[in-house]
Protein chains: 2
Amino acid sequence: MTAGFGARLRTALDTHGPLCVGIDPHVSLVEEWGFEASGAGIREFGLRVVEASAGRVGVVKPQVAFFERFGAAGFAALEDVLRAARDAGLVVIADAKRGDIGSTMDGYAAAWLSAGSPLEADAVTLNPYLGADSLRDTLASAVATGKGAFVLAATSNPEAHVLQSASVHGAGAETVAARVAREAAVAGGASVDSLGPIGVVVGATADREAVGLTDAALEQLPILAPGFGAQGAEPRDLRRLFGRVARNVVASESRSILSAGPDRLAARIDERAGLYAEVNLG
Amino acid sequence: MTAGFGARLRTALDTHGPLCVGIDPHVSLVEEWGFEASGAGIREFGLRVVEASAGRVGVVKPQVAFFERFGAAGFAALEDVLRAARDAGLVVIADAKRGDIGSTMDGYAAAWLSAGSPLEADAVTLNPYLGADSLRDTLASAVATGKGAFVLAATSNPEAHVLQSASVHGAGAETVAARVAREAAVAGGASVDSLGPIGVVVGATADREAVGLTDAALEQLPILAPGFGAQGAEPRDLRRLFGRVARNVVASESRSILSAGPDRLAARIDERAGLYAEVNLG
């Protein structure tokens with residue numbers, strides 16, 4: 001039997017530290033690397049990132065938007081990148097931010113989380129605007145087969161506060177973001193002694209206080225935290241930003257690593273991973 | 001110069017009525033039709049729906065999740081379906097519910113709304129969880145080139161209320177859904193005498209009162225309303241459900257039409273469109 005996603009993620013973080021390499025084939029970056037802005041070019045870009053990441057970090061996160069931009073050719077590239085990453089033993093989080101209801105949501109779950117799907121990943125990011133509760137049923141079968149998900153809770157962009165800090169009716173002072181975290185814990189059936197399979201996305205520099213995401217609200221949840229590196233947060237900030245749940249954070253960096261270019265990529269990953277190794281996660 | 005999306009949609013609705021045919025190649029439905037559950041099968045399914053829709057309705061809405069389920073092969077099918085629909089003069093709304101920030105959002109906009117993209121549609125559905133305001137910049141260039149978007153505001157599923165009716169801080173009694181509608185109007189620069197290019201998604205049977213979406217909040221916005229037909233709302237309900245903004249509603253039906261099977265499809269579309277023709281939209 002395959003270990004659950006939470007257990008596999010725990011092992012990856014304990015072995016390699018919190019750094020997650022974002023696979024973001026942004027057109028301008030792909031061209032900086034000397035590759036063509038095409039399906040073939042982003043395939044090559046993605047495979048180089050996978051190759052440099054293998055053995056150096058535990059987790060990678062392909063950003064689906066940059067592949068989708070090239071239509072079917074982009075998805076063909078993404079299929080190859082996902083397969084290479086999983087074959088290399090990396091935990092793969094597809095950053096797709098999908099969200100829908102009923103059978104439509106089942107379609108997305110089948111795409112990203114079913115064994116043998118051409119887009120199979122270990123976990124996917126999800127958007128809860130249609131109701132975090134509505135994700136429960138869809139995720140149940142994915143969880144049963146060892147897959148995971150990260151539901152958007154709080155993001156770092158300033159416009160996000162309006163919605164994420166809004167107060168849920170009839171629930172005291174509960175915010176939208178806190179409700180999402182609570183539903184993620186329910187959907188994942190998190191236990192007290194290990195990470196659950198369903199986590200949340202919390203931007204590294206998100207104002208957690210404003211959106212009501214206390215350490216207690218995040219306990220036992222895997223936390224995917226974009227925003228480290230070029231976007232402003234540094235490894236040494238991890239403990240200050242995430243307190244006693246810092247051990248459960250997947251710290252995602254993209255530009256800070258990818259800007260090294262294809263030849264210096266591995267060295268840059270070692271350098272960034274080294275900075276996290278110096279941090280006491282508690 | 002191409003007419004703006006709002007103007008083109010107005011013409012389509014005035015010419016053909018509010019019915020929009022959903023292109024939902026759900027696996028079970030594709031097999032009921034006698035087609036293979038594969039990229040080739042959903043391509044055939046989608047093209048048959050386009051062929052039957054052309055000249056009978058003004059708008060079609062492919063559901064991206066059902067194509068994504070087949071990975072790159074599914075997207076190759078979707079490219080062909082989108083092209084065939086646009087070539088047939090249909091207004092095409094890609095129901096993708098994408099949402100992200102900054103350059104990532106630009107990637108999605110480039111995929112669905114840029115001229116010459118393999119996935120080019122006339123409009124796309126968007127998810128505002130990361131802040132409806134954050135969509136403004138991204139949409140500006142799409143709007144300038146005649147494209148449109150529908151931002152999720154209120155959906156019909158019971159779990160959706162929790163988030164969509166939450167109260168935005170410091171904004172009186174404004175709900176999340178009402179804020180989304182207000183931002184859509186700002187992003188689209190809606191004028192008083194025509195439809196703007198940016199609209200909202202409001203489920204036909206969504207509890208508009210609970211989420212604070214008055215007729216006034218929806219004025220001049222195109223409204224994409226899934227949930228007609230098999231999902232519970234009938235054409236005769238349109239005026240009661242949408243009041244004085246009923247004229248701006250794109251009434252989307254999927255299963256009620258697709259269940260006819262490939263041979264009786266055109267007749268079923270005529271039948272359903274006929275029911276809307278009897279409704280006084282005010």
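This is a short tour of a predicted model with two chains, A and B, taken one selection at a time.

**Stop one: chain A by itself**

Start by selecting chain A and hiding the rest. Chain A holds 13 helices and eight strands. Its radius of gyration is 18 Å, close to the 19 Å that the globule rule gives for 282 residues, so chain A is as compact as a globular protein of that length. If you turn chain A along its principal axes, its C-alpha atoms fill a box of roughly 55 × 45 × 40 Å.

**Stop two: both chains together**

Now bring chain B back. How many degrees of turn lay chain B on chain A? A turn of 180 degrees does it, with a shift of 0.0 Å along the axis and an RMSD of 0.0 Å. The two copies are thus related as by a two-fold rotation axis.

**Stop three: where the chains touch**

Select the contact between the chains, where 45 residues of chain B are in contact with 45 residues of chain A. On the chain B side, the elements giving two or more residues are α4 (64–68), α5, α6 (102–113), α8 (161–164) and α9 (176–188). Colour α6(B) for a good landmark: with six residues, it gives the largest share of that side. Colouring by class shows 21 nonpolar, 16 polar and eight charged residues on the side of chain B that touches chain A. Of the interface residues of chain B, 100% are also interface residues in chain A, so the copies meet through the same surface.

**Stop four: α5 against α5**

Next, select residues 71–87 in chain A and in chain B, which are α5(A) and α5(B). Are these two helices roughly parallel or roughly antiparallel? Their axes are 8 Å apart and the helices pack at an angle of about 180 degrees; α5(A) and α5(B) are therefore roughly antiparallel to each other. Show side chains for Gly71(A), Ala72(A), Phe75(A), Ala76(A) and Glu79(A), then for Gly71(B), Ala72(B), Phe75(B), Ala76(B) and Glu79(B), and you have the residues that make this contact. They divide into six nonpolar, two polar and two charged.

**Stop five: α3 beside α5 in chain B**

Keep α5(B) on screen and add α3(B), residues 39–53. The two axes come within 8 Å and cross at roughly 15 degrees, which makes α3(B) roughly parallel to α5(B). The crossing is right-handed. From α3(B), the residues to pick include Gly39(B), Ile42(B), Gly46(B) and Val50(B). Among those they meet as a group in α5(B) are Ala73(B), Ala77(B), Asp80(B) and Ala84(B). By class, the contact of α3(B) with α5(B) has nine nonpolar, three polar and two charged residues.

Note on methods:
Residues are numbered from 1 along each chain as its sequence is written. Chains are lettered from A and ligands numbered from 1 in the order in which they are written. This is a predicted model: local features need pLDDT of at least 70, side-chain atom pairs count only at pLDDT 80 or more; totals for chains, interfaces and linings use all residues. Copies are superposed by least squares on the C-alpha atoms of residues with pLDDT of at least 70 in both. Two residues are in contact if their C-beta atoms, placed from the backbone, lie within 7 Å. Axes are lines fitted to C-alpha atoms, for helices over the stretch in contact, and angles run from 0 to 180 degrees between N-to-C directions. Helices (H or I, at least four residues) and strands (E, at least two) are DSSP runs, numbered from the N terminus. Angles under 35 degrees count as roughly parallel, over 145 as roughly antiparallel, 65 to 115 as roughly perpendicular and the rest as oblique. A crossing is left-handed if the near helix is turned anticlockwise from the far one by less than a right angle, and right-handed if clockwise. Ala, Val, Leu, Ile, Met, Phe, Trp, Tyr, Cys and Pro count as nonpolar, Asp, Glu, Lys and Arg as charged, and the others, Gly among them, as polar. The radius of gyration is taken over C-alpha atoms; the globule rule is 2.2 Å times the number of residues to the power 0.38.
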